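Me: Please take a close look at one part of this structure. Start from the aromatic side chains and work outward, in short sentences.

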Amino acid sequence: MATTNSITTTYAGEFAGQYISAALLSGSTLDNGLITIKPNIKFKEVIKKVSSDDIVKDATCDFDPTSTLTLTERILQPDFQQVNLQLCKADFHNDWEAVQMGYSAFDSLPPSFADFLIGHVASKVAQRTEQSIWNGAAATAGQFGGFKELLLADADVTDVGAGAAVTAANAVEKLGLVVDAIGSSLYTSEDMYIYVSQNVARAYVRALGGFASNIGAAGTDDKGTQWYNGGGISFDGIKIAVANGLADNTMVAAEKSNLYFGTGLLADHNEVKVIDMADIDGSQNVRVVMRFTAGVQYGIGSDIVLYS
């Protein structure tokens, strides 16, 4: 059964040659290297965790192995996912791109539309992957269990905030709750981030523009809401990363090296196959196929703070 195609057109004259797609969320987490990427996982990978007590003891003349080392593990198992679309070339015979299909009855999909379709499908996969990384539900088809789902289920993770909405009036206070819950040994870590949803980032930017009473009416550098031009932001010396896939009013404080994205081949996320079925089964159909694996996991739950 072919994928349903809804083509609205007024075919009269020449087509301008450009397709326009709706704006898509970028895969910011992976594109910007905000978490650790572990490629080449065929099935699953074991992440070993090592903890110890106070290993430094008073010296004696003898070897006294009194310390304790505890080894545990977490499993990173990417899910297998796919994109399967099927289009009938006959749907394009009366559209703007008909000439590009050729004059033969054995025609092909319009080249410019095929190029657009490849880019569109790859972008949609990047968007869904970004959303699944942070807010995915393992039980939902087309998603894999994201960090929020995993962290909520782990009692070792520090939970703060009780789900209160973040606004320009309280953004500094709520971010403060997250920072105050970060362990002292992690506060100065070079790869510590506060990952925030888009609405939290907007609220914080607006607060620094003069909407927080403790900053001043004119905001940062006395520029009001025009102080921000899209650069990096931080809070109490900790870098803030905007994670497009995070649900509103959600923040995660963690080291980049403690958050993992696993997959088979990274190239699979950029490979979209367009298969003309005419030479295979004699049909007018064109199939669009993607296959890839994706999943997330973290290492040490006690080193993570969740505001949700």
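Reply: W134, F147, Y193 and Y195 form one aromatic cluster. Rings of Phe, Tyr and Trp (its six-membered ring) pair if their centres lie within 6.5 Å; planes under 30 degrees apart are stacked, over 60 edge-to-face, and the rest tilted. The model is predicted, so local features need pLDDT of at least 70 and side-chain atom pairs 80 or more, while totals for chains, interfaces and linings use all residues. Residues are numbered from 1 along each chain as its sequence is written, and side-chain values use heavy atoms, without hydrogens or water.

Take the cluster members in turn. W134 is among the buried residues of helix α2. Buried means under 20% relative accessible area, exposed over 50%, and partly exposed in between, with a 1.4 Å probe and protein chains only. Other buried residues of α2 include F113, L117, V121, V125 and I133. Polar ones are also listed, including Q127, T129, E130 and S132. The helix covers residues 111-135, and its end C-alpha atoms are 36 Å apart. That agrees with the span expected for 25 residues at 1.5 Å a residue. The expected span is 1.5 Å times one less than the number of residues. Helices (H or I, at least four residues) and strands (E, at least two) are DSSP runs, numbered from the N terminus.

Y193 also has a charged partner. The charged end of K239 sits over the Y193 ring, 4.9 Å from its centre. This term requires NZ of Lys or CZ of Arg within 6 Å of the ring centre and within 35 degrees of the ring normal. The charged end of R74 sits over the ring of Y298, 4.0 Å from its centre.

Now the sheet. β6 covers residues 192-196, and β8 covers residues 238-242. Six strands form an open, mixed sheet in the order β5-β13-β9-β6-β8-β7. Two strands pair if DSSP finds at least two bridges between them. β5 (158-160) and β7 (233-235) stand at the edges with a single partner strand each, so one side of each has no neighbour in the sheet. Neighbouring strands are turned by 30° against each other on average, direction ignored. β7 runs antiparallel to β8, joined by three bridges. I233 has I240 as its bridge partner in β8.

Helix α4 (residues 171-181) lies across β5, β6, β7, β8, β9 and β13. Contact here means heavy atoms within 4.5 Å. The helix runs at about 155° to β13. Axes are lines fitted to C-alpha atoms, for helices over the stretch in contact, and angles run from 0 to 180 degrees between N-to-C directions.

The whole structure holds four aromatic pairs. The rings of Y204 and F235 have their centres 5.7 Å apart and their planes at 65°, so this pair is edge-to-face. Y204 lies in helix α5 and F235 in strand β7, so the pair ties together parts 31 residues apart in sequence. Both Y204 and F235 are buried.

The loop after β6 leads to α5 (198-211), and S197 sits in that loop. At 0% relative accessibility, S197 counts as buried. Beyond its neighbours within four places in sequence, S197 is in contact with A243, L246, A247, D248, N249 and T250. N249 itself lies in the loop between β8 and β9. Its phi is positive, about 60°, although N249 is not a glycine.

Another strand system completes the view. Twelve of the 14 residues of β12 (residues 285-298) are buried, so the strand is largely enclosed by the rest of the structure. β4 (residues 79-88) pairs with β12 over ten antiparallel bridges. Q86 has R287 as its bridge partner there. β11 (residues 273-276) is joined to β12 by four bridges, also antiparallel. I275 stands opposite R287. β10 (residues 259-262) pairs with β12 over four antiparallel bridges, with G262 opposite G295.

For the chain as a whole, the secondary structure comes to six helices and 13 strands. Of its 308 residues, 41% count as buried. Among contacts with a separation of 6 or more, 74% join residues 24 or more positions apart.
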